[in-house]
Amino acid sequence: MMTNPTGRLTQGQFGFLPDLTDAEISMQIAYGLARGYAWSVEYTDDPHPRNTYWEMFGMPMFDLKDAAGVLMELQNCRKTFPNHYIRLQAFDSTRGVESIAMSFIVNRPAVEPGFTLVRQETVGRTMRYTIHGYSTDQPEGERYKR
Amino acid sequence: MANSSEAGTTITDKKKRYSAGVLKYRQMGYWDADYVPKETDTICLFRITPQEGVDPVEAAAAVAGESSTATWTVVWTDRLTACDSYRAKAFKVEPVPNGPGQYFAWVAYDIILFEEGSIANMTASLIGNVFSFKPLKAARLEDIRIPVAYVKTFKGPPTGLVVERERLDKFGRPLLGATTKPKLGLSGRNYGRVIYEGLKGGLDFMKDDENINSQPFMHWRDRFLYVMDAVNKATAATGEVKGSYLNITGATVEDMYERAEFAKDLGSVIVMVDLVVGWSTIQSMANWCRRNDMILHMHRAGHGTYTRQKNHGVSFRVIAKWLRLAGVDHLHAGTAVGKLEGDPLTVQGYYNVCRDSYTKQDLPRGLFFDQDWCDLKKVMPVASGGIHAGQMHQLLDLFGDDVVLQFGGGTIGHPAGIQAGAVANRVALESMVKARNEGKDILNEGPQILKNAAKFCGPLQQALDTWGDISFNYASTDTSDYAATPAASN
């Protein structure tokens with residue numbers, strides 16, 4: 001159980017809000033599509049803050065212009081990985097941006113074990129810090145079993 | 001306002017031009033009403049207030065002269081040089097709308113005048129001697145057009161706002177920060193407590209204030225050690241990348257390198273410097289940050305001494321352009337609604353300078369020139385000073401997503417504590433972004449959106465109860481000459 005005020009992982013642009021309903025998710029998808037972004041569904045069972053590369057649930061949907069299609073992909077991903085973290089990411093290919101424009105979590109494991117801070121004492125009073133995810137002590141795919 | 005009288009034209013006869021004595025600046029070649037600026041010229045727009053009886057064209061020519069090659073008298077040694085290249089040329093003078101006694105003067109500078117990649121050199125010319133020149137009561141550098149050829153001699157921000165977001169893994173919303181308070185007196189241990197609470201509560205960044213360096217109450221190493229323990233603990237508690245701007249400003253550049261190295265050794269993602277360290281130091285620190293994967297935060301300490309008064313000094317939009325070239329990743333650029341000076345449109349002009357790929361001329365925002373940034377990285381503007389959660393809709397409407405919103409007092413002064421203050425701000429922010437994306441008219445519906453969010457977030461309700469009505473309604477000093485815009489609040 002994580003001890004921050006939300007009690008859960010706070011990554012993503014809506015990490016502090018109650019879970020978005022599918023209708024609310026659709027509105028965010030539509031906002032991105034209207035701005036020309038390409039949506040992508042990604043999942044992981046290692047949400048370490050510096051684990052950049054979550055697994056892609058298929059490629060970014062460059063040619064998909066309909067929010068319902070993106071939501072369908074998300075639902076497929078939820079069916080396949082009901083106990084993983086899943087996020088929606090929108091890519092903006094505008095020159096000078098060419099990066100992610102939106103990103104928010106749309107599925108979480110029932111229990112979020114979080115991370116521990118491992119301190120290694122070194123010279124003087126200096127510390128080396130390691131953020132260690134409790135779940136990653138288990139092999140991939142077996143981390144969030146209830 | 002071309003002046004075609006005898007005294008107003010450049011003397012072309014070389015004997016007359018270079019005979020010993022004193023000539024008018026416009027006779028020496030610093031005024032050319034027909035001059036067409038080259039693509040490679042730097043163009044400056046000065047606001048000048050000539051002394052009584054001083055002709056504005058002569059004053060403009062004097063500005064061109066004193067900011068390039070002229071001295072007060074004729075010198076024959078000019079003839080050893082291709083002197084016409086080195087003379088800046090005033091080419092247009094216009095009265096300032098509704099500004100009696102003031103004139104706008106456009107001056108062009110050849111690219112040979114400035115050392116490549118050196119803001120120190122460019123500023124030594126453009127704002128070197130000329131601002132003390134006696135025939136002018138006052139002078140202000142309002143705006144500058146920097147040619148692409150010169151822009152390309154700079155590396156710009158070490159990280160830039162796009163890559164900063166990638167490193168922090170934070171997209172689609174403004175970043176949230178707070179300055180640790182009280183700014184002076186906390187021990188390193190107490191200081192780190194504030195950092196931990198703010199970050200664990202939901203802020204992305206905490207910040208040293210401009211005057212926290214290494215005073216008797218807190219040695220800089222102590223601060224860095226405790227702060228980084230707090231940052232890492234908060235990262236583990238939230239699963240988010242967190243940072244705290246460690247101010248590496250010190251008495252000497254050597255001190256600054258030492259502090260920067262220690263910040264890097266401890267794993268900080270960001271360091272901070274004050275504007276008062278000067279241009280050469282800023283560029284050196286930018287180079288260091290580029291070599292060490294570090295974000296560079298610029299606190300514009302001291303700028304108000306020369307940017308605020310409209311008749312004299314340098315506009316902040318010019319300082320922002322120079323800082324983007326010199327290479328900073330974050331820049332305090334005003335809040336418009338907070339406690340510090342800033343007319344909303346003028347402040348938006350600064351934000352455009354930081355974030356645009358191509359800045360368009362926009363007179364109501366004080367932008368006199370098109371500026372092609374030719375793919376130079378973008379600076380993340382920072383809004384800081386007297387802002388609170390109740391203004392979230394205004395802030396998002398004014399500044400969009402690419403900004404760091406810093407609520408210092410508005411976090412730390414929360415009645416239920418620092419974590420609660422951070423929660424209130426984060427929930428207010430995310431609710432507003434979500435509502436905007438859903439197509440809501442946040443400027444009008446904002447207060448209701450916040451009220452609705454407060455129903456599931458007690459700390460936000462407390463914040464609104466405490467600060468909901470606080471605003472700073474004072475007229476701004478530095479406003480556009482082309483549109484009247486009273487400071488907007490609440």
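Let's start with chain B, where 8 strands close up into a barrel, running in the order 5-6-7-8-9-11-14-15 with parallel pairing. From one strand to the next, the twist averages 25 degrees. Keep in mind that this is a predicted model. Chain B also has company: 37 of its residues are in contact with 34 residues of chain A.

**A closer look at the barrel**

- Take two of the barrel strands in chain B, strand 6 (residues 205–207) and strand 7 (residues 243–247): they pair in the parallel sense over 3 bridges.
- Which residue of strand 7 is the bridge partner of B:Lys207? That would be B:Tyr245.

**One residue to look up: B:Val423**

- You'll find B:Val423 in helix 16 of chain B, which covers residues 418–437.
- Is B:Val423 buried or exposed? B:Val423 is buried, because 29 other C-beta atoms sit within 10 Å, and the cut-off for buried is 20 or more.
- Leaving out residues up to four places away in sequence, B:Val423 touches B:Gly201, B:Gly202, B:Cys457 and B:Pro459 in chain B, plus A:Pro5 from chain A.
- For a sense of distance, pick B:Arg365, which is 58 residues from B:Val423 along the chain: the C-alpha atoms of the two are separated by 34 Å.

**Where the chains meet**

- On the chain A side, 34 residues are in contact with chain B, against 37 residues on the chain B side.
- Four elements of chain A give two or more residues each to the side that touches chain B: helix 1 (22–34), strand 4 (99–107), strand 5 (115–121) and strand 6 (127–133).
- Strand 4 of chain A provides the largest share of that side, with 5 residues.
- Sorted by class, the side of chain A that touches chain B has 20 nonpolar, 12 polar and 2 charged residues.

**Chain A on its own**

- Chain A has 2 helices and 6 strands.
- Following the sequence, those elements come in the pattern α-β-β-α-β-β-β-β.
- Measured out along the principal axes, the box filled by the C-alpha atoms of chain A is roughly 55 × 40 × 30 Å.
- What percentage of the 146 residues of chain A count as buried? The figure is 29%.
- If you look at contacts in chain A between residues at least 6 apart in sequence, 50% of them join residues at least 24 apart.

Definitions and conventions:
Residues numbered from 1 in each chain as written. Chains lettered and ligands numbered in written order. Predicted model: local features only at pLDDT ≥ 70, side-chain atom pairs only at ≥ 80, totals over all residues. Pairing = 2+ DSSP bridges. Axes fitted to C-alpha atoms, helices over the stretch in contact; angles between N-to-C directions. Buried ≥ 20, exposed ≤ 12 C-beta atoms within 10 Å, placed from the backbone. Contact = placed C-beta atoms within 7 Å. Nonpolar A, V, L, I, M, F, W, Y, C, P; charged D, E, K, R; others polar.
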